Amino acid sequence: MAFPDLDAIIAPLASALAYAHAQGVIHRDIKPENVMISEAGSVKLMDFGIAQFADARLTAEGVAVGTLAYMAPEQIAMEELTPAVDQYALGLLIYEMLAGRPAFEDENSAALVLRRLKEKVPGVRLLRPEVPEAAAAVLARMVEWAPQDRFPSLKQAYEEFQKAYNSRR
């Protein structure tokens with residue numbers, strides 16, 4: 001996907017998530033099905049139905065909530081969640097848009113959980129070598145296992161990705 005197309009989708013998502021995070025809200029379910037594009041091209045982030053305030057535990061103890069293919073490792077492990085889970089999921093969404101397929105695909109949930117807990121996200125350049133190295137590095141940092149190894153904010157992650165991806169021009 002060309003960056004102007006990618007940016008037209010990712011920029012409004014990053015903006016919406018940065019705003020939500022500034023209000024103390026974590027979406028927890030970033031995935032393609034929750035991104036709507038109007039006929040006029042307006043991009044909307046949908047389904048805040050399982051969102052939570054960053055300082056609250058709104059789900060029952062021992063219950064992971066979200067879409068497995070886009071959940072951060074700490075979300076799968078049912079650890080404390082921070083806005084970094086949305087950064088991770090947005091990174092997976094960008095990966096899928098660039099690579100043309102999800103980072104992880106498995107027939108059943110059990111196999112997917114095992115892969116997600118044992119394997120890092122494969123480098124996007126394995127599937128799309130034309131992605132600039134700097135952009136691939138930013139994307140890899142967005143999907144690091146440990147939240148503290150990701151960018152301090154989703155806004156910073158997006159800005160770094162945009163700058164790195166545009167560097168190829």
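Reader: Which element gives the most to the lining of the second largest pocket?

Author: In this predicted model, helix α5 gives the most to that lining, with three residues. The pocket holds about 150 Å³ of space.

Reader: Which residues line the second largest pocket, and how do they divide by class?

Author: The lining consists of Y95, K120, V121, P122, G123, V124, A136, L139, A140, V143, E144 and W145. By class, nine of these residues are nonpolar, one is polar and two are charged.

Reader: How should I read the relation between α5 and helix α3?

Author: One begins with the axes. Those of α3 (residues 84–99) and α5 (residues 133–142) come within 8 Å and cross at roughly 140°. Angles over 145 degrees would count as roughly antiparallel, and those of 65 to 115 as roughly perpendicular; the crossing of roughly 140° therefore makes α3 oblique to α5.

Reader: Which residues of the two helices meet?

Author: From α3, the residues are Q87, Y88, L90, G91, I94, Y95 and L98; from α5, they are L139, R141 and M142. This contact comprises seven nonpolar residues, two polar and one charged. Y95 and L139, which take part in the contact, also belong to the lining of the second largest pocket.

Reader: What is the general idea behind a search for empty space?

Author: A probe the size of a water molecule is rolled over the atoms, and the space left empty is thereby shown. Here, a search of the whole structure finds one cavity of 30 Å³ or more. The largest cavity contains about 30 Å³ of space.

Reader: Which residues line the largest cavity, and which helix gives the most to that lining?

Author: R28, D29, I30, T67, Y70, M71, Q75, V85, D86 and A89 form the lining. Helix α3 gives the most, with three residues. The classes represented are five nonpolar, two polar and three charged residues.

Reader: Where is the confidence of the predictor lowest and highest among the elements?

Author: For the protein chain, pLDDT averages 84, and 84% of the residues score at least 70. Among the elements, strand β4 (residues 52–53) has the lowest mean pLDDT, 48, and α5 has the highest, 97. Over residues 53–63, pLDDT stays under 50; the model has 17 contacts beyond four places in sequence for this stretch.

Key. Residues are numbered from 1 along each chain as its sequence is written. This is a predicted model: local features need pLDDT of at least 70, side-chain atom pairs count only at pLDDT 80 or more; totals for chains, interfaces and linings use all residues. Side-chain values use heavy atoms; hydrogens and water are left out. On a 1 Å grid over the protein atoms alone, a cavity is a set of points where a 1.4 Å probe fits but cannot get out, and a pocket is an open set with protein on both sides within 12 Å along at least five of seven lines; lining residues have an atom within 4 Å of a point. Grid points are joined across faces, edges and corners, and a volume is the space filled by probe spheres set on the points. Helices (H or I, at least four residues) and strands (E, at least two) are DSSP runs, numbered from the N terminus. Ala, Val, Leu, Ile, Met, Phe, Trp, Tyr, Cys and Pro count as nonpolar, Asp, Glu, Lys and Arg as charged, and the others, Gly among them, as polar. Axes are lines fitted to C-alpha atoms, for helices over the stretch in contact, and angles run from 0 to 180 degrees between N-to-C directions. Angles under 35 degrees count as roughly parallel, over 145 as roughly antiparallel, 65 to 115 as roughly perpendicular and the rest as oblique. Contact means heavy atoms within 4.5 Å. pLDDT is the predictor's confidence in each residue, from 0 to 100.
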